Amino acid sequence: MLRGAGTIAREYVAILGVAPLWSAAQGRGTMKASDVPRAVAAAMSTGSSLDLTVDDAIVLHDSNKLTLRLLPCDVLARVAPVAHQVAQFEIELAQRLAESESPVAALEPRVEPRVYERDGFVVTLWTYYEAAMPREVSPADYANALERLHAGMRKLDVPTPHFTDRIEQAQQLVASRDRTPALVDADRELLGNTLRSLRRVIGERGGAEQVLHGEPHPGNVLATKNGLLFIDLETCCRGPVEFDLAHAPEEVSEHCPDLNQDLLRDCRILVLAMITTWRWDRGDQFPNGRQLGTEWLSQIRAALDRYRLDVRR
């Protein structure tokens, strides 16, 4: 049976020194309520079919995919609709990174490491980690773990999306009045100009690019007895490391002395513009999403004024 209530994890993004924001970093809402029981059943039956003992499931996180703790076998299951997933890509990356001892969550060792499909859902099975105490993560440890992850990713020779693909998705959303009907003209122009201008400026800076996590915010970092581990590798893309650091609290970047600070600033504003755009999507299901979208529009304007950035050109 299902005995846990669905939750949205607190995913923080530090933007230009302001307080951490509660955000769905790349606009993820929740799984349709009508799909949740079926998704839970798919995970439980998948685990049982693999000779894992599954009598219960606790919902740990509800976003574009459902994350469950299967009991008593103590396995983490991630479940997503077949049409909206890149599970195979994530599994392959996890295996490659584990081989280089990168700080990533491991797949469940008792079953074959692959994507399982059942009742219109894909299910992947991972090691469940008990949270270590204290829950607070020091910026220095965070920076060290992300540096180790980037080092492992630099060794990967795998095709990945470019970070600008995500910007393009946001630009298309802003351009579509049908998909963002509540966005007034002045705000639509602000977001469109910011996304276009910073995409160009970041490209012109010519920073070195590599495989990135894509969303290494605190919601995707586990504090375990074995140290910090990154999860949710489906967002991996190629770009400058400053794009990854733009998702982490500002204090983390202070422990990364080799960053291009101007590029990091541009990436932070860019990420803020992207997550603001998702909040105006007609289909956005994030709690208080419209309120956050309004607040973040004001923060974008303040940041552009503070740094005297003219995005209208």
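Hi everyone, let's start with helix H9. Its buried residues are Gly289, Leu292, Gly293, Trp296, Leu297, Ile300, Ala303 and Leu304. If you look down the axis of H9, those buried residues fall within an arc of 145°, so they line one face of the helix. One thing to keep in mind as we go: this is a predicted model.

Now, what should H9 span, given its 18 residues at 1.5 Å a residue? The expected value is 26 Å, and the C-alpha atoms at the two ends of the helix, which covers residues 289-306, are 25 Å apart, which agrees. Just after H9 comes Arg308, where phi turns positive, at about 55°.

Let me step back to the whole chain for a moment. The secondary structure comes to 9 helices and 11 strands. Of the 313 residues in the chain, 53% are buried. Take the contacts between residues at least 6 apart in sequence: 71% of them join residues at least 24 apart. As for the outside, the chain exposes about 14400 Å², and carbon and sulfur atoms supply 49% of that.

So what is inside? The largest nonpolar core has 34 residues, and the members that touch the most others are Phe163, Leu191, Leu195, Phe243, Leu270, Met274 and Ile300. You have met Ile300 already, among the buried residues of H9. Helices H4 (163-175), H5 (185-205), H8 (261-279) and H9 each supply at least two residues of this core. Which helix gives the most to this core? That is H8, with 10 residues.

Leu191 is a nice one to click on. Setting aside its neighbours within four places in sequence, Leu191 is in contact with Val174, Leu183, Ala273, Thr276, Thr277, Leu297 and Ile300. There is also a second, separate core of 32 residues, and its members include Leu146, Met153, Leu228 and Cys256.

While we are on H8, please find Trp278, which sits in that helix. Is Trp278 buried or exposed? Its relative accessibility is 9%, and under 20% is the cut-off, so Trp278 counts as buried. Its C-alpha atom is 7.3 Å from that of Ala170, although the two residues are 108 residues apart along the chain.

Next, helix H3. Its 16 residues, 139-154, should span 22 Å at 1.5 Å a residue, and the end C-alpha atoms are 22 Å apart, which agrees. The buried residues here are Tyr142, Ala143, Ala145, Leu146, Leu149, His150, Gly152 and Met153. They pack against several elements, including helix H2 (87-99), strand S9 (221-224), strand S10 (227-230) and helix H6 (241-245).

Let's finish with the aromatic rings. How many aromatic pairs are there? The count comes to 2. Tyr142 and Phe230 make an edge-to-face pair, 6.4 Å centre to centre with 70° between the planes. Tyr142 belongs to helix H3 and Phe230 to strand S10, so this pair ties together parts that are 88 residues apart in sequence. Both Tyr142 and Phe230 are buried.

Phe163 and Phe243 form a tilted pair, with 5.1 Å between centres and 50° between planes. This pair also links distant parts of the chain, with Phe163 in helix H4 and Phe243 in helix H6, 80 residues apart. Phe163 and Phe243 are both buried, and both were on our list of residues that touch the most other members of the largest core. Thanks for listening!

Methods:
Residues are numbered from 1 along each chain as its sequence is written. This is a predicted model: local features need pLDDT of at least 70, side-chain atom pairs count only at pLDDT 80 or more; totals for chains, interfaces and linings use all residues. Side-chain values use heavy atoms; hydrogens and water are left out. Helices (H or I, at least four residues) and strands (E, at least two) are DSSP runs, numbered from the N terminus. The expected span of a helix is 1.5 Å times one less than its number of residues. Buried means under 20% relative accessible area, exposed over 50%, partly exposed in between (1.4 Å probe, protein chains only). The arc is that of the directions from the helix axis to the C-beta atoms. Contact means heavy atoms within 4.5 Å. A nonpolar core is a set of buried Ala, Val, Leu, Ile, Met, Phe, Trp, Tyr and Cys residues joined through side-chain atoms within 4.5 Å. Accessible areas come from the Shrake-Rupley method with a 1.4 Å probe; for residues, only the protein chains shown count as cover. Rings of Phe, Tyr and Trp (its six-membered ring) pair if their centres lie within 6.5 Å; planes under 30 degrees apart count as stacked, over 60 as edge-to-face and the rest as tilted.
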